[in-house]
Structure formats: structure tokens, C-alpha cells
Amino acid sequence: MGIIGSEIKPFKATAFQAGKDFFDVTDEDVKGKWSIFFFYPADFTFVCPTELEDLGEKYAMLQDMGVEVYAVSTDTHFSHKAWHDSSEKIGKLKFAFLGDQLHTLSKNFNVLREEMGLADRATFVVDPDGVIQIMEQTCEGVGRNANELTRKIKAAQYVRNNPGQVCPAAWEEDSETLTPSLDLVGKL
């Protein structure tokens with residue numbers, strides 16, 4: 001069964017976020033807004049801080065777009081705080097880090113590498129109804145691009161807000177969209 005178009009499963013995770021006490025996040029907390037679940041293998045690693053920093057540079061823009069960001073690894077919320085307090089790159093980040101030491105989220109999103117107890121490098125965009133609209137998964141050594149993620153979210157939001165319209169390849173905000181019809185079949 002594919003994960004795109006499926007509703008997120010119930011979860012409860014303890015989060016660390018700069019300037020806040022530890023707090024719980026559940027599947028009910030993310031409904032009603034767009035959310036990014038940004039899975040990465042582990043704190044105190046190599047590629048992870050570069051892509052988390054890249055995502056952090058887009059955080060204010062994402063919040064303006066009505067999108068909340070949740071970084072997720074199988075580490076604890078205590079480990080997330082220690083990494084935040086000791087790393088220059090991670091110390092700048094303002095979004096929440098969810099601890100998934102029981103592997104609930106990693107299993108729910110089907111990204112757990114059971115033999116290692118770590119999550120794959122994967123991104124999921126969830127719409128306000130709790131439905132997964134975008135998914136990206138890469139191998140351990142390949143970092144993700146926050147610019148492309150932001151572009152895809154803008155396209156998903158456009159399609160949600162404009163029924164009957166679709167965004168073609170490399171679509172950018174304010175670019176032309178398509179209205180699927182029999183008249184287009186074989187002409188594109």
C-alpha cells in the first residue's frame with residue numbers, strides 16, 4: 001500500500017524546541033495545519049546538521065505559509081536538547097525536534113531501519129486533514145534540499161486551494177498551471 005494519500009497514524013512524542021520546556025506532540029496537534037515530518041538517522045552525525053540547518057533557513061517562510069516543521073530521529077528529546085546546546089548549526093534552529101526512541105513515528109511512516117534502530121532520511125508533508133501529500137526518501141549519504149521542499153509545498157497548497165488545477169514539472173509560484181482534460185491528452 002502506498003503512503004501518499006493516507007492519513008497519519010496516531011502517535012505521541014516528546015519534543016524539544018528552543019526556548020520552550022519539553023512538550024508532547026500528537027497526531028491531533030498537527031491536524032488543521034500543514035506539517036513537515038523531517039526524519040533523519042541520528043543526532044551528532046554528519047549530513048544531518050547540514051540539511052537541518054538548510055531547512056532552518058526556510059523555517060520563517062514555512063511558518064508564513066502555515067507550515068510547521070518537526071525534525072524526527074530515534075534519539076530522545078534529551079539528546080535533541082544536548083545536540084542543540086552543543087552544536088553551532090543545530091543551536092540556531094527554532095523548530096521542534098521529536099524524540100522517537102520507541103520507534104512509533106518511524107514505524108508509522110515506514111522509515112525505520114529495524115536492524116539499526118534508526119530512521120531513514122525521509123520527508124513527509126502532511127496537509128491540514130492529516131493526509132500525506134508529499135514524500136521524499138534518500139539514502140544515508142544524500143542530503144535534502146529545502147528550496148525544492150518549499151517549492152513542492154507551495155504546489156501542494158495551490159492544488160488544494162484550486163480544485164481542478166495541477167502544477168506541471170518545475171512549477172514555481174505564479175507560473176501557469178494545467179487543467180486536466182481530454183483536450184490535453186497527447187498534446188503535451
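**Exercise 1. Which residues of S4 point one way, and which the other way?**

Work from the predicted model.

Solution.
- Step 1. Take one face of strand S4. Val67, Val69, Ala71 and Ser73 point that way.
- Step 2. Turn to the other face. Glu68, Tyr70 and Val72 point there.
- Step 3. Recall the general pattern. In a regular strand, side chains alternate between the two faces of the sheet.
- Step 4. Check burial on both faces. The residues pointing either way from S4 are all buried. That is 7 of 7 residues, and S4 is mostly covered.

**Exercise 2. Find the strands that pair with S4, and follow Val72 across to them**.

Solution.
- Step 1. Start with S3 (34–39). S3 and S4 pair in the parallel sense, over 6 bridges.
- Step 2. Locate Val72 on this side. Phe39 stands opposite Val72 of S4.
- Step 3. Go to S5, residues 96–99. S4 and S5 also pair in the parallel sense, over 4 bridges.
- Step 4. Find the partner there. Val72 has Leu98 of S5 as its bridge partner.
- Step 5. Carry on from Leu98. Its bridge partner in another pairing is Ala15. Strand S1 (residues 12–16) and S5 run antiparallel, joined by 2 bridges.
- Step 6. Sort the side chains of S5. Ala96 and Leu98 point one way, Phe97 and Gly99 the other way. All of these are buried.

**Exercise 3. Test the length of helix H7, then say what covers its buried residues**.

Solution.
- Step 1. Count the residues. H7 runs over residues 146–161, which is 16 residues.
- Step 2. Work out the span. The rule is 1.5 Å times one less than the number of residues. For H7 that gives an expected 22 Å.
- Step 3. Compare. The end C-alpha atoms of H7 are 22 Å apart, so the model agrees with the expected span.
- Step 4. Look at the N-terminal end. Asn145 caps it: a side-chain oxygen lies 2.7 Å from the backbone nitrogen of Asn147.
- Step 5. List the buried residues. They are Ala146, Leu149, Thr150, Arg151, Ile153, Ala155, Ala156 and Gln157.
- Step 6. Name the cover. It includes S3, H2, helix H3 (59–64), S4, strand S8 (121–126) and strand S9 (132–138).
- Step 7. Take one residue as an example. Gln157 lies in H7. Its relative accessibility is 13%, so it counts as buried, the cut-off being under 20%. Beyond its sequence neighbours within four places, Gln157 is in contact with Trp34, Met65 and Val67.

**Exercise 4. Is Cys48 buried or exposed, and what does it touch?**

Solution.
- Step 1. Read the record. An unreviewed UniProt entry lists Cys48 under "active site".
- Step 2. Place the residue. Cys48 is in helix H2, residues 47–56.
- Step 3. Judge its exposure. Cys48 has 1% relative accessibility, so it counts as buried.
- Step 4. Collect its contacts. Cys48 touches Tyr40, Pro41, Ala42, Trp83 and Arg121, leaving out residues up to four places away in sequence.

**Exercise 5. Describe the aromatic pairs Tyr40–Trp83 and Phe109–Phe124**.

Solution.
- Step 1. Set the scene. The structure holds 14 aromatic pairs.
- Step 2. Give the geometry of one. Tyr40 and Trp83 form a tilted pair, 5.9 Å centre to centre, with 40 degrees between the planes.
- Step 3. Place both rings. Tyr40 is in the loop between S3 and H2, and Trp83 is in helix H4 (residues 77–86). They are 43 residues apart, so the pair links distant parts of the chain.- Step 4. Check their burial. Tyr40 is buried, at a relative accessible area of 0%. Trp83 is buried too, at 4% relative accessibility.
- Step 5. Move to the other pair. Phe109 and Phe124 are also tilted, 4.7 Å centre to centre, with 50 degrees between the planes.
- Step 6. Place these rings. Phe109 is in the loop between helix H6 (104–108) and strand S6 (112–113), and Phe124 is in strand S8. They are 15 residues apart.
- Step 7. Finish with the cluster. Both Phe109 and Phe124 are buried. They belong to one aromatic cluster with Phe11, Phe37, Phe39 and Tyr70.

**Exercise 6. Where is Phe44 found, and which residues is it in contact with?**

Solution.
- Step 1. Place it. Phe44 is in the loop between S3 and H2.
- Step 2. Judge its exposure. Its relative accessible area is 47%, so Phe44 is partly exposed.
- Step 3. List its contacts. Setting aside neighbours within four places in sequence, Phe44 is in contact with Ser79, Ala82, Trp83 and Ser86.
- Step 4. Add a distance. The C-alpha atoms of Phe44 and Ser86 are separated by 9.5 Å, and the two residues are 42 residues apart along the chain.

Terms used: Residues are numbered from 1 along each chain as its sequence is written. This is a predicted model: local features need pLDDT of at least 70, side-chain atom pairs count only at pLDDT 80 or more; totals for chains, interfaces and linings use all residues. Side-chain values use heavy atoms; hydrogens and water are left out. UniProt positions are given in the numbering used here, feature names are shortened, and annotations may be inferred rather than shown by experiment. Buried means under 20% relative accessible area, exposed over 50%, partly exposed in between (1.4 Å probe, protein chains only). Contact means heavy atoms within 4.5 Å. A polar contact is a pair of N or O atoms within 3.5 Å; within protein, one must be able to donate a hydrogen and the other to accept it, and residues adjacent in sequence count only if both atoms are side-chain atoms. Two strands pair if DSSP finds at least two bridges between them. Rings of Phe, Tyr and Trp (its six-membered ring) pair if their centres lie within 6.5 Å; planes under 30 degrees apart count as stacked, over 60 as edge-to-face and the rest as tilted.
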